[in-house]
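This report walks through the packing, pockets, aromatic pairs and backbone of one protein. Keep the structure open as you read.

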Amino acid sequence: MPEGHVIHRLANRLNRNFRHRALQVTSPQGRFAAEAAQLDGREIDRAETFGKHLFVHFDAPQPEHIIYIHLGLIGSLRFEPAEDVWGQIRLRIAIDGLAANLRGPQFCRLITEEDYAARLTKVGEDPLRADANPEVVWEKVHRSRRSIASLLMDQHLFAGVGNIYRAEALFRQGISPFLPGKELDRAAFDALWADLVFLMQVGVERGRIDTVRDEHTPEAMGRDPRKDDHGGEVYVYRRAGLGCYVCGTPIAERALESRNLFWCPTCQPA
């Protein structure tokens, strides 16, 4: 599932290329045809992201004028030449030879302002949003018996943080993934939040997840670049059994709540 930086990049692209212009809105697949017809010829007022949730606000007069998208595990929103029509396109937004094509999302819905407000009450604080309030997250974390690794994956707390950012931020801060939230002190929480903000902003800028510091890049260490579908240079994610770039200890892996967790037993002592 795409992590939060990917969804923010999509919103940024929609705002840059499609905002305040009369658009062609269709549903070649047909499953969103009635909703698309209500928006065809209208303009996007703004696209925005909260965690892994994408909202596209149109200037349409009817109550339902916000497209709410969640990509889920296999969904994609691609920016392609308008003549490129392939696959099962649930939603297509096009203008001047460019199209935003949505395929295979977990869902794509047309909602009202009231629906939008209700949805946001269930979404946590997004490190990539300027209006995020980490104090709200801290109040819940420091009272919880759940492990910090579990809490970081809770989208009601850390919106947009996925498995890669979880593993990498914990490693960079030297925090054991098994530490209960209530045992994490405030200084460590603040450093963890600040690192998530930094790493995810880098992800938005580069379009990939890079977490290694300058001294641990392939160039600095004289090692081969990472080869992985996710791209980017990381410390522990999907590196089980390989030596830690900092201490040489083999990276550990285990399942935690149906997701694979990666960490360095030496750099992140229990």
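## The main core

A nonpolar core is a set of buried Ala, Val, Leu, Ile, Met, Phe, Trp, Tyr and Cys residues joined through side-chain atoms within 4.5 Å. The model here is predicted. Its largest nonpolar core has 43 residues. Within this core, Val141, Ile148 and Phe158 touch the most other members. At least two core residues come from each of helix 4 (134-141), helix 5 (148-152), helix 6 (163-172), helix 7 (186-206), strand 9 (252-256) and strand 10 (259-263). Helix 7 gives the largest share, eight residues. In soluble globular proteins, nonpolar side chains tend to be buried together.

## Two core residues: Val141 and Phe158

Val141 belongs to helix 4. Is Val141 buried or exposed? Its relative accessible area is 0%, so Val141 is buried, the cut-off being under 20%. Leaving out residues up to four places away in sequence, Val141 touches Ile148, Leu151, Phe158, Gly181, Lys182, Leu184 and Phe189. Thr26 is 115 residues from Val141 along the chain, and the C-alpha atoms of the two are separated by 43 Å.

Phe158 has its own set of contacts. Neighbours within four places in sequence aside, Phe158 is in contact with Glu125, Val137, Val141, Leu151, Leu152, Phe189, Trp193 and Leu196. Another core lies apart from the largest one. This other core has 29 residues, including Phe32, Ala47, Ile95 and Ala100.

## The largest pocket

Now to the empty space. Rolling a probe the size of a water molecule over the atoms shows where empty space is left. The largest pocket holds about 360 Å³ of space. Its lining is made of 18 residues. Which of them lie nearest the centre? They are Met1, Pro2, Glu3, Ile164 and His230.

Helix 1 (4-18) and helix 6 each contribute at least two residues to this lining. Helix 6 also supplies at least two residues of the largest core. Sorted by class, the lining of the largest pocket has eight nonpolar, six polar and four charged residues.

## The second largest pocket

The second largest pocket has a volume of about 230 Å³. It is lined by 14 residues. Closest to its centre are Arg206, Asp210, Val212, Asp214 and Thr217.

Helix 7 provides the largest share of this lining, four residues. Helix 7 also makes the largest contribution to the largest core. By class, the lining of the second largest pocket counts five nonpolar, two polar and seven charged residues.

## Aromatic pairs

How many aromatic pairs does the structure hold? There are twelve. A pair of aromatic rings is described by the distance of the centres and the angle of the planes. Take Phe50 and Phe55. Their ring centres are 6.2 Å apart and their planes stand at 75 degrees, so this pair is edge-to-face. The cut-off for that label is over 60 degrees. Phe50 is buried at 12% relative accessible area. Phe55 is buried too, at 0%.

Tyr68 and Phe107 also form an edge-to-face pair. The distance is 4.9 Å centre to centre, with 70 degrees between the planes. This pair links distant parts of the chain, 39 residues apart. Tyr68 sits in strand 4 (residues 66-70), and Phe107 in strand 8 (residues 107-111). Tyr68 has a relative accessible area of 3%, so it is buried. Phe107, at 13%, counts as buried as well. One aromatic cluster takes in Phe50, Phe55, Tyr68, Phe107 and Tyr116.

## Positive phi outside glycine

Asp96 is not a glycine, yet it has a positive phi of about 50 degrees. Where does Asp96 lie? Asp96 is in the loop between strand 6 (89-95) and strand 7 (98-103). Its relative accessibility is 63%, so Asp96 counts as exposed. The cut-off for exposed is over 50%.

Arg238 is not a glycine either, and has a positive phi of about 55 degrees. Arg238 lies in the loop between helix 8 (218-221) and strand 9. Strand 9 also supplies at least two residues of the largest core. With a relative accessible area of 43%, Arg238 is partly exposed.

Terms used:
Residues numbered from 1 in each chain as written. Predicted model: local features only at pLDDT ≥ 70, side-chain atom pairs only at ≥ 80, totals over all residues. Heavy atoms only, no water. Buried < 20%, exposed > 50% of the residue type's maximum accessible area, 1.4 Å probe, protein only. Contact = heavy atoms within 4.5 Å. 1 Å grid on protein atoms, 1.4 Å probe; cavity = no way out; pocket = protein on both sides within 12 Å on 5 of 7 lines; lining within 4 Å. Points joined across faces, edges and corners; volume = space filled by probe spheres on them. Nonpolar A, V, L, I, M, F, W, Y, C, P; charged D, E, K, R; others polar. Phe/Tyr/Trp six-rings, centres within 6.5 Å; stacked < 30°, edge-to-face > 60°.
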